[in-house]
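Reader: Hi! I have a new structure to look at and I'm not sure where to start. Could you walk me through it?

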Amino acid sequence: IMPIKNKAMLITYADSLGKNIKELHQILDQYIGKSIGGVHLLPFFPSTGDRGFAPSDYTRVDSSFGDWNDVESLGEKSI
């Protein structure tokens, strides 16, 4: 069980800080560091609209954002 830390949470789209999840990960490493406690990634599935909030397939990552390996890598990041 991971202990809960009282830190700020970054809520972002996969392409708000960079073009995709890999770039988001790099920006977090390079500029944000440990100043946040975690990342809440807004919908990254293929979507029919509403900035990702109308997913057409919950089993895939929109290819313009990356793939499941990118999502898992970001999730494993120890902040």
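Author: Happy to! Let's start with P43, which sits in the loop between β2 and α2. Keep in mind that this is a predicted model.

Reader: Okay, is P43 buried or exposed?

Author: P43 counts as buried, because its relative accessibility is 19% and the cut-off for buried is under 20%.

Reader: Which residues does P43 touch, leaving out those up to four places away in sequence?

Author: With those neighbours left out, P43 touches G52, F53 and F65.

Reader: And how far is P43 from Y58?

Author: Their C-alpha atoms are separated by 9.5 Å, and the two residues are 15 apart along the chain.

Reader: Let me zoom out for a second. How many helices and strands are there in the protein chain?

Author: The protein chain has two helices and two strands. Starting at the N terminus, the order is β-α-β-α.

Reader: What about the overall size?

Author: The C-alpha atoms fill a box of roughly 35 × 25 × 20 Å along the principal axes. The radius of gyration is 13 Å, which agrees with the value near 12 Å that a compact globule of 79 residues would have.

Reader: What share of the residues is buried?

Author: Buried residues make up 29% of the 79 residues in the protein chain.

Reader: And the surface?

Author: The accessible surface of the protein chain is about 5,500 Å², and 54% of that belongs to carbon and sulfur atoms.

Reader: Cool. Now the helices! Which residues of α1 are buried?

Author: Those are I21, L24, H25 and L28. They lie on the same side of α1, because they cover an arc of only 100 degrees around the axis.

Reader: So what does the face turned away from the buried side of α1 carry?

Author: That face carries the exposed residues K22, Q26, Q30 and Y31.

Reader: What do the buried residues of α1 pack against?

Author: They pack against β1 (9–12), β2 (38–41) and α2 (68–76).

Reader: A histidine on the buried list caught my eye. Why does H25 count as buried?

Author: H25 counts as buried because its relative accessibility is 15%, and buried means under 20%. H25 lies in helix α1, which covers residues 21–32. Leaving out residues up to four places away in sequence, H25 touches S73, L74 and K77.

Reader: L74 — which buried residues of α2 go with that one?

Author: The buried residues of α2 are D70, V71 and L74. They too get a one-sided description: an arc of only 100 degrees around the axis puts them on the same side of α2.

Reader: Which exposed residues are on the face of α2 turned away from its buried side?

Author: You'll find N69, G75 and E76 there. As for the buried residues of α2, they pack against α1 and β2.

Reader: Let's do a strand. Where is L10 found?

Author: L10 is in strand β1. Not counting residues up to four places away in sequence, L10 touches L17, L28, I36, G38, V39 and H40.

Reader: L28 was on the α1 list! How far apart are L10 and L28 in sequence and in space?

Author: Good catch, L28 is one of the buried residues of α1. L10 and L28 are 18 residues apart in sequence and 10.0 Å apart in space, C-alpha to C-alpha.

Reader: Back to the loop between β2 and α2. Which residue there has a phi near 55 degrees?

Author: That's D50, where phi is a positive value in a residue other than glycine. D50 is found in that loop, and D50 counts as exposed because its relative accessibility is 58% and exposed means over 50%.

Reader: What is the phi of R51?

Author: Phi of R51 is near 50 degrees, again a positive value in a residue other than glycine. R51 is also in the loop between β2 and α2, and R51 is partly exposed, with a relative accessible area of 43%.

Reader: Last topic: charges. How many positive and negative charges are there in the protein chain?

Author: There are 8 positive and 10 negative charges, and their mean positions are 9 Å apart.

Reader: And what percentage of the contacts join residues at least 24 apart?

Author: It's 56%, taken among contacts between residues at least 6 apart in sequence.

Terms used: Residues numbered from 1 in each chain as written. Predicted model: local features only at pLDDT ≥ 70, side-chain atom pairs only at ≥ 80, totals over all residues. Heavy atoms only, no water. Helix = DSSP H or I, 4+ residues; strand = E, 2+ residues; numbered from the N terminus. Rg over C-alpha atoms; globule rule 2.2 N^0.38 Å. Buried < 20%, exposed > 50% of the residue type's maximum accessible area, 1.4 Å probe, protein only. Contact = heavy atoms within 4.5 Å. Areas by Shrake-Rupley, 256 points an atom, 1.4 Å probe, with all protein chains shown as cover. Lys, Arg positive; Asp, Glu negative; His and termini not counted. Charge placed at Lys NZ, Arg CZ, Asp CG, Glu CD. Arc of directions from axis to C-beta.
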